[in-house]
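Trainee: Could you take me through the salt bridges here, slowly and one pair at a time?

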Amino acid sequence: MKLGTSLRFVFPTSDRTLAMYQKMVASLPPGAFVERPMGPTDTPGQAAHLLEVTQAANDAGMWALLVGDNHAVAPVFANCFQPIPTIARLSAVSGALQVGAVLLAPFYHPLLVAEQIATVAAFVNAPTIWVFAVGDSARAFAAFAIPKHERAKRTSALISTVRALLDGETVTAEGPGWQVEGATISPPPRHRPQLLVAGAAPGAVARAARLGDGWLTAQNATDAELAQQLAAYQAGCGAANRQPLPVLRRDIFVAATDRQALDHVEPILAEGYRGVGLERLLVGSPATIVKRLEAYRDLGFHHVLVRHISGDHAAILDSFELIGRDIVPEVASWADST
(Lines give C-alpha, C1' and ligand atoms only; values in the text may rest on other atoms or scores of the structure.)
Protein backbone atom coordinates (compact mmCIF):
# COMPACT_ATOMS: atom_id res chain seq x y z
CA MET A 1 0.00 0.00 0.00
CA LYS A 2 1.14 3.54 -0.78
CA LEU A 3 0.33 6.32 1.68
CA GLY A 4 0.28 9.93 0.49
CA THR A 5 -0.97 13.19 1.92
CA SER A 6 -2.94 16.27 0.99
CA LEU A 7 -2.28 19.56 2.76
CA ARG A 8 -4.48 22.22 4.26
CA PHE A 9 -4.83 25.20 1.97
CA VAL A 10 -7.56 27.27 3.69
CA PHE A 11 -6.35 29.09 6.79
CA PRO A 12 -8.07 31.40 9.32
CA THR A 13 -7.45 35.14 9.18
CA SER A 14 -8.57 35.99 12.71
CA ASP A 15 -9.81 34.51 15.95
CA ARG A 16 -13.36 35.07 14.68
CA THR A 17 -13.00 32.52 11.91
CA LEU A 18 -14.19 29.55 13.98
CA ALA A 19 -17.44 31.26 14.97
CA MET A 20 -18.06 32.26 11.35
CA TYR A 21 -17.38 28.71 10.24
CA GLN A 22 -19.76 27.26 12.82
CA LYS A 23 -22.51 29.67 11.75
CA MET A 24 -22.09 28.65 8.12
CA VAL A 25 -22.13 24.95 8.95
CA ALA A 26 -25.32 25.35 10.98
CA SER A 27 -27.08 26.80 7.93
CA LEU A 28 -26.11 23.96 5.57
CA PRO A 29 -28.38 21.07 4.56
CA PRO A 30 -27.50 17.58 5.85
CA GLY A 31 -24.44 16.11 4.18
CA ALA A 32 -23.01 19.44 3.03
CA PHE A 33 -19.85 20.92 4.50
CA VAL A 34 -17.66 24.00 4.38
CA GLU A 35 -13.88 23.69 4.42
CA ARG A 36 -12.78 24.48 7.96
CA PRO A 37 -9.86 26.94 8.17
CA MET A 38 -7.26 25.71 10.65
CA GLY A 39 -3.75 26.79 11.60
CA PRO A 40 -2.06 30.16 12.22
CA THR A 41 -3.75 33.43 11.26
CA ASP A 42 -0.79 35.18 9.63
CA THR A 43 -0.05 34.62 5.94
CA PRO A 44 3.76 34.28 6.26
CA GLY A 45 3.30 31.69 9.01
CA GLN A 46 0.83 29.77 6.87
CA ALA A 47 3.24 29.68 3.93
CA ALA A 48 6.14 28.62 6.15
CA HIS A 49 4.09 25.82 7.67
CA LEU A 50 3.19 24.45 4.22
CA LEU A 51 6.88 24.20 3.40
CA GLU A 52 7.70 22.50 6.72
CA VAL A 53 4.85 20.01 6.39
CA THR A 54 5.97 19.17 2.86
CA GLN A 55 9.43 18.41 4.20
CA ALA A 56 7.91 16.28 6.97
CA ALA A 57 5.86 14.29 4.43
CA ASN A 58 8.98 13.70 2.34
CA ASP A 59 10.95 12.65 5.43
CA ALA A 60 8.16 10.22 6.28
CA GLY A 61 8.66 8.44 2.96
CA MET A 62 5.18 9.09 1.67
CA TRP A 63 4.09 8.42 -1.89
CA ALA A 64 2.50 11.72 -2.94
CA LEU A 65 1.59 15.22 -1.80
CA LEU A 66 -1.39 17.17 -3.13
CA VAL A 67 -2.96 20.54 -2.37
CA GLY A 68 -6.59 21.53 -2.82
CA ASP A 69 -8.72 24.12 -4.57
CA ASN A 70 -11.27 26.75 -3.57
CA HIS A 71 -12.23 30.16 -4.92
CA ALA A 72 -13.74 33.53 -4.01
CA VAL A 73 -13.10 33.07 -0.28
CA ALA A 74 -13.75 36.26 1.69
CA PRO A 75 -10.51 37.55 3.30
CA VAL A 76 -12.36 38.41 6.49
CA PHE A 77 -13.00 34.68 6.85
CA ALA A 78 -9.95 32.87 5.50
CA ASN A 79 -6.87 32.81 3.31
CA CYS A 80 -7.14 30.37 0.43
CA PHE A 81 -3.85 29.34 -1.19
CA GLN A 82 -4.35 28.58 -4.89
CA PRO A 83 -3.22 25.10 -5.93
CA ILE A 84 -0.93 25.41 -8.95
CA PRO A 85 1.38 28.17 -7.65
CA THR A 86 1.35 26.49 -4.23
CA ILE A 87 2.41 23.07 -5.49
CA ALA A 88 4.99 24.69 -7.76
CA ARG A 89 6.61 26.30 -4.71
CA LEU A 90 6.33 23.16 -2.59
CA SER A 91 7.96 21.06 -5.31
CA ALA A 92 11.24 22.79 -4.41
CA VAL A 93 11.28 20.90 -1.09
CA SER A 94 9.15 17.84 -1.92
CA GLY A 95 12.07 15.53 -2.71
CA ALA A 96 10.95 12.13 -4.00
CA LEU A 97 7.24 12.83 -3.46
CA GLN A 98 4.90 12.80 -6.43
CA VAL A 99 3.19 16.18 -6.32
CA GLY A 100 0.01 17.68 -7.74
CA ALA A 101 -3.33 19.17 -6.85
CA VAL A 102 -7.06 18.75 -6.78
CA LEU A 103 -8.55 21.19 -9.30
CA LEU A 104 -12.17 22.31 -9.54
CA ALA A 105 -12.45 21.62 -13.25
CA PRO A 106 -15.37 23.90 -14.24
CA PHE A 107 -13.33 27.02 -13.41
CA TYR A 108 -10.39 26.28 -15.74
CA HIS A 109 -9.60 26.69 -19.42
CA PRO A 110 -8.03 23.46 -20.72
CA LEU A 111 -5.19 25.09 -22.68
CA LEU A 112 -4.08 27.20 -19.72
CA VAL A 113 -4.29 24.40 -17.17
CA ALA A 114 -2.47 21.94 -19.47
CA GLU A 115 0.35 24.45 -19.95
CA GLN A 116 0.60 25.02 -16.20
CA ILE A 117 0.60 21.29 -15.44
CA ALA A 118 3.34 20.71 -18.00
CA THR A 119 5.42 23.55 -16.57
CA VAL A 120 5.16 22.19 -13.02
CA ALA A 121 6.12 18.77 -14.42
CA ALA A 122 9.27 20.29 -15.89
CA PHE A 123 10.62 20.86 -12.39
CA VAL A 124 9.70 17.43 -10.98
CA ASN A 125 11.46 14.20 -11.89
CA ALA A 126 8.40 12.02 -11.24
CA PRO A 127 4.87 11.74 -12.61
CA THR A 128 2.69 14.54 -11.27
CA ILE A 129 -0.87 13.86 -10.09
CA TRP A 130 -3.84 16.09 -10.97
CA VAL A 131 -7.30 15.36 -9.61
CA PHE A 132 -10.35 16.91 -11.28
CA ALA A 133 -13.53 17.54 -9.29
CA VAL A 134 -16.79 19.24 -10.25
CA GLY A 135 -17.04 21.56 -7.23
CA ASP A 136 -20.10 22.37 -5.18
CA SER A 137 -19.81 25.92 -3.80
CA ALA A 138 -22.64 28.13 -5.01
CA ARG A 139 -20.50 31.14 -4.05
CA ALA A 140 -17.68 30.08 -6.34
CA PHE A 141 -19.94 29.35 -9.29
CA ALA A 142 -21.59 32.74 -8.84
CA ALA A 143 -18.21 34.50 -8.68
CA PHE A 144 -17.16 32.92 -11.98
CA ALA A 145 -20.62 33.53 -13.49
CA ILE A 146 -20.81 29.85 -14.41
CA PRO A 147 -24.13 27.97 -14.19
CA LYS A 148 -23.72 25.22 -11.63
CA HIS A 149 -25.77 22.81 -13.74
CA GLU A 150 -22.96 22.84 -16.35
CA ARG A 151 -20.32 21.52 -13.96
CA ALA A 152 -20.39 17.85 -15.03
CA LYS A 153 -20.31 18.70 -18.75
CA ARG A 154 -17.52 21.22 -18.22
CA THR A 155 -15.48 18.71 -16.23
CA SER A 156 -15.73 15.90 -18.77
CA ALA A 157 -14.85 18.21 -21.67
CA LEU A 158 -11.89 19.70 -19.81
CA ILE A 159 -10.38 16.36 -18.75
CA SER A 160 -10.38 14.88 -22.25
CA THR A 161 -8.92 18.05 -23.77
CA VAL A 162 -6.21 18.42 -21.11
CA ARG A 163 -5.28 14.77 -21.58
CA ALA A 164 -4.85 15.22 -25.31
CA LEU A 165 -2.75 18.37 -24.90
CA LEU A 166 -0.49 16.76 -22.30
CA ASP A 167 -0.03 13.77 -24.60
CA GLY A 168 1.42 16.08 -27.26
CA GLU A 169 -1.55 16.21 -29.61
CA THR A 170 -2.58 19.21 -31.68
CA VAL A 171 -6.05 19.84 -30.36
CA THR A 172 -9.16 21.49 -31.71
CA ALA A 173 -11.99 21.21 -29.24
CA GLU A 174 -14.90 23.08 -27.73
CA GLY A 175 -16.58 22.95 -24.35
CA PRO A 176 -18.99 25.10 -22.37
CA GLY A 177 -17.46 28.58 -22.22
CA TRP A 178 -14.20 27.76 -24.06
CA GLN A 179 -12.73 26.77 -27.39
CA VAL A 180 -9.25 25.76 -28.55
CA GLU A 181 -8.15 25.76 -32.18
CA GLY A 182 -5.07 23.88 -33.37
CA ALA A 183 -3.52 24.13 -29.90
CA THR A 184 -0.33 22.54 -28.64
CA ILE A 185 1.63 23.05 -25.43
CA SER A 186 5.24 23.36 -24.36
CA PRO A 187 7.32 22.24 -22.65
CA PRO A 188 6.20 18.63 -22.89
CA PRO A 189 5.96 16.95 -19.47
CA ARG A 190 9.09 15.05 -18.41
CA HIS A 191 6.80 12.25 -17.21
CA ARG A 192 3.21 11.60 -18.29
CA PRO A 193 0.99 13.32 -15.69
CA GLN A 194 -1.64 11.19 -14.00
CA LEU A 195 -5.15 12.63 -14.30
CA LEU A 196 -7.55 11.36 -11.65
CA VAL A 197 -11.24 12.12 -11.17
CA ALA A 198 -12.75 12.77 -7.73
CA GLY A 199 -16.27 12.30 -6.49
CA ALA A 200 -18.85 10.06 -4.90
CA ALA A 201 -21.91 10.61 -7.10
CA PRO A 202 -22.61 7.86 -9.66
CA GLY A 203 -21.80 10.26 -12.50
CA ALA A 204 -18.42 11.14 -10.97
CA VAL A 205 -17.50 7.49 -10.43
CA ALA A 206 -18.49 6.69 -14.02
CA ARG A 207 -16.47 9.69 -15.25
CA ALA A 208 -13.41 8.41 -13.37
CA ALA A 209 -13.71 5.01 -15.03
CA ARG A 210 -14.27 6.50 -18.47
CA LEU A 211 -11.78 9.38 -18.51
CA GLY A 212 -9.41 9.18 -15.56
CA ASP A 213 -6.16 7.43 -14.81
CA GLY A 214 -7.65 6.83 -11.38
CA TRP A 215 -10.45 7.70 -8.97
CA LEU A 216 -10.20 9.63 -5.70
CA THR A 217 -12.96 8.87 -3.22
CA ALA A 218 -14.86 11.48 -1.23
CA GLN A 219 -13.37 12.05 2.24
CA ASN A 220 -16.78 11.80 3.91
CA ALA A 221 -17.90 8.49 2.38
CA THR A 222 -18.82 5.71 4.78
CA ASP A 223 -17.17 2.33 4.44
CA ALA A 224 -20.41 0.87 3.05
CA GLU A 225 -20.61 3.65 0.46
CA LEU A 226 -16.98 3.11 -0.47
CA ALA A 227 -17.62 -0.56 -1.16
CA GLN A 228 -20.55 0.23 -3.46
CA GLN A 229 -18.68 3.01 -5.27
CA LEU A 230 -15.56 0.90 -5.69
CA ALA A 231 -17.58 -1.91 -7.27
CA ALA A 232 -19.17 0.55 -9.70
CA TYR A 233 -15.79 2.08 -10.53
CA GLN A 234 -14.17 -1.28 -11.19
CA ALA A 235 -17.09 -2.34 -13.38
CA GLY A 236 -16.81 0.92 -15.33
CA CYS A 237 -13.09 0.42 -15.83
CA GLY A 238 -13.76 -3.06 -17.14
CA ALA A 239 -16.30 -1.75 -19.63
CA ALA A 240 -13.89 0.96 -20.77
CA ASN A 241 -10.91 -1.45 -20.88
CA ARG A 242 -8.99 0.74 -18.42
CA GLN A 243 -6.80 -0.28 -15.49
CA PRO A 244 -8.50 0.77 -12.21
CA LEU A 245 -6.61 2.94 -9.73
CA PRO A 246 -8.85 3.66 -6.74
CA VAL A 247 -7.37 6.11 -4.21
CA LEU A 248 -8.93 6.29 -0.76
CA ARG A 249 -9.30 9.73 0.84
CA ARG A 250 -9.31 9.89 4.66
CA ASP A 251 -8.42 12.47 7.30
CA ILE A 252 -5.89 11.42 9.93
CA PHE A 253 -4.22 12.13 13.23
CA VAL A 254 -1.64 9.82 14.82
CA ALA A 255 -0.29 9.95 18.36
CA ALA A 256 1.70 7.58 20.54
CA THR A 257 -1.49 6.11 22.03
CA ASP A 258 -5.13 5.96 21.03
CA ARG A 259 -6.06 8.08 24.05
CA GLN A 260 -3.61 10.82 23.15
CA ALA A 261 -4.92 10.91 19.58
CA LEU A 262 -8.53 11.07 20.74
CA ASP A 263 -7.75 13.79 23.27
CA HIS A 264 -6.40 15.90 20.42
CA VAL A 265 -9.16 15.23 17.90
CA GLU A 266 -12.33 15.10 20.02
CA PRO A 267 -12.36 18.87 20.80
CA ILE A 268 -11.99 19.58 17.07
CA LEU A 269 -14.93 17.34 16.28
CA ALA A 270 -16.98 19.03 19.00
CA GLU A 271 -16.31 22.43 17.42
CA GLY A 272 -17.34 21.16 14.00
CA TYR A 273 -15.41 19.20 11.41
CA ARG A 274 -17.03 18.17 8.15
CA GLY A 275 -20.03 16.72 9.97
CA VAL A 276 -18.35 13.34 10.41
CA GLY A 277 -17.57 11.09 13.33
CA LEU A 278 -14.56 8.96 14.16
CA GLU A 279 -15.77 6.05 12.02
CA ARG A 280 -14.83 8.02 8.88
CA LEU A 281 -11.47 9.22 10.20
CA LEU A 282 -8.10 7.61 10.87
CA VAL A 283 -7.39 8.50 14.49
CA GLY A 284 -5.23 6.60 16.94
CA SER A 285 -1.87 5.02 17.60
CA PRO A 286 0.23 3.68 14.72
CA ALA A 287 -0.99 0.15 15.47
CA THR A 288 -4.61 1.26 15.30
CA ILE A 289 -4.07 3.11 12.03
CA VAL A 290 -2.30 0.13 10.48
CA LYS A 291 -5.23 -2.09 11.42
CA ARG A 292 -7.70 0.35 9.81
CA LEU A 293 -5.57 0.58 6.67
CA GLU A 294 -5.41 -3.20 6.50
CA ALA A 295 -9.21 -3.29 6.35
CA TYR A 296 -9.20 -0.77 3.50
CA ARG A 297 -6.58 -2.84 1.68
CA ASP A 298 -8.85 -5.86 1.98
CA LEU A 299 -11.70 -3.73 0.60
CA GLY A 300 -9.61 -3.03 -2.50
CA PHE A 301 -7.67 0.17 -1.87
CA HIS A 302 -3.89 0.12 -2.32
CA HIS A 303 -3.37 3.90 -2.47
CA VAL A 304 -4.47 6.19 0.36
CA LEU A 305 -4.36 9.99 0.58
CA VAL A 306 -4.59 11.39 4.13
CA ARG A 307 -4.91 14.90 5.53
CA HIS A 308 -4.39 15.96 9.12
CA ILE A 309 -7.31 16.81 11.40
CA SER A 310 -5.51 19.56 13.21
CA GLY A 311 -4.36 23.14 13.07
CA ASP A 312 -1.56 22.51 15.58
CA HIS A 313 1.63 22.62 13.55
CA ALA A 314 3.84 20.88 16.11
CA ALA A 315 1.28 18.10 16.55
CA ILE A 316 1.06 17.61 12.79
CA LEU A 317 4.83 17.28 12.54
CA ASP A 318 4.83 14.74 15.39
CA SER A 319 2.06 12.80 13.62
CA PHE A 320 4.07 12.73 10.39
CA GLU A 321 7.06 11.41 12.30
CA LEU A 322 5.00 8.50 13.65
CA ILE A 323 3.55 7.86 10.19
CA GLY A 324 7.03 7.66 8.71
CA ARG A 325 8.50 5.55 11.48
CA ASP A 326 5.72 3.10 12.25
CA ILE A 327 3.08 3.16 9.48
CA VAL A 328 4.67 3.72 6.05
CA PRO A 329 7.19 0.84 6.39
CA GLU A 330 4.46 -1.52 7.58
CA VAL A 331 1.93 -0.78 4.85
CA ALA A 332 4.62 -0.64 2.14
CA SER A 333 5.46 -4.26 2.91
CA TRP A 334 1.97 -5.48 2.01
CA ALA A 335 1.41 -7.24 -1.28
CA ASP A 336 -0.01 -4.79 -3.81
CA SER A 337 -2.24 -6.28 -6.47
CA THR A 338 -2.22 -3.03 -8.49
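Mentor: Happy to; here is a walk through the salt bridges, pair by pair. A word on the ground rules: this is a predicted model, where local features need pLDDT of at least 70 and side-chain atom pairs count only at pLDDT 80 or more, while totals for chains, interfaces and linings use all residues. Residues are numbered from 1 along each chain as its sequence is written, and side-chain values use heavy atoms, with hydrogens and water left out.

The whole structure holds 19 salt bridges, each being a side-chain nitrogen of Lys or Arg within 4 Å of a carboxyl oxygen of Asp or Glu. In one of them, arginine 307 pairs with glutamate 35, with 2.6 Å between the closest N and O atoms. This pair ties together distant parts of the chain, 272 residues apart: arginine 307 sits in strand 13 (residues 303-308), and glutamate 35 in the loop between helix 1 (17-26) and helix 2 (43-59). Helices (H or I, at least four residues) and strands (E, at least two) are DSSP runs, numbered from the N terminus. Arginine 307 is buried at 3% relative accessibility, and glutamate 35 is buried too, at 13%. Here buried means under 20% relative accessible area, exposed over 50%, and partly exposed in between (1.4 Å probe, protein chains only).

Next, arginine 297 bridges to glutamate 294, the closest N and O atoms lying 3.4 Å apart. Both belong to helix 10 (residues 286-299), three residues apart, or about one turn of the helix. Glutamate 294 is partly exposed, at 34%.

Finally, aspartate 167 meets arginine 163 at 3.5 Å between the closest N and O atoms. Aspartate 167 is partly exposed at 35%, whereas arginine 163 is buried at 12%.
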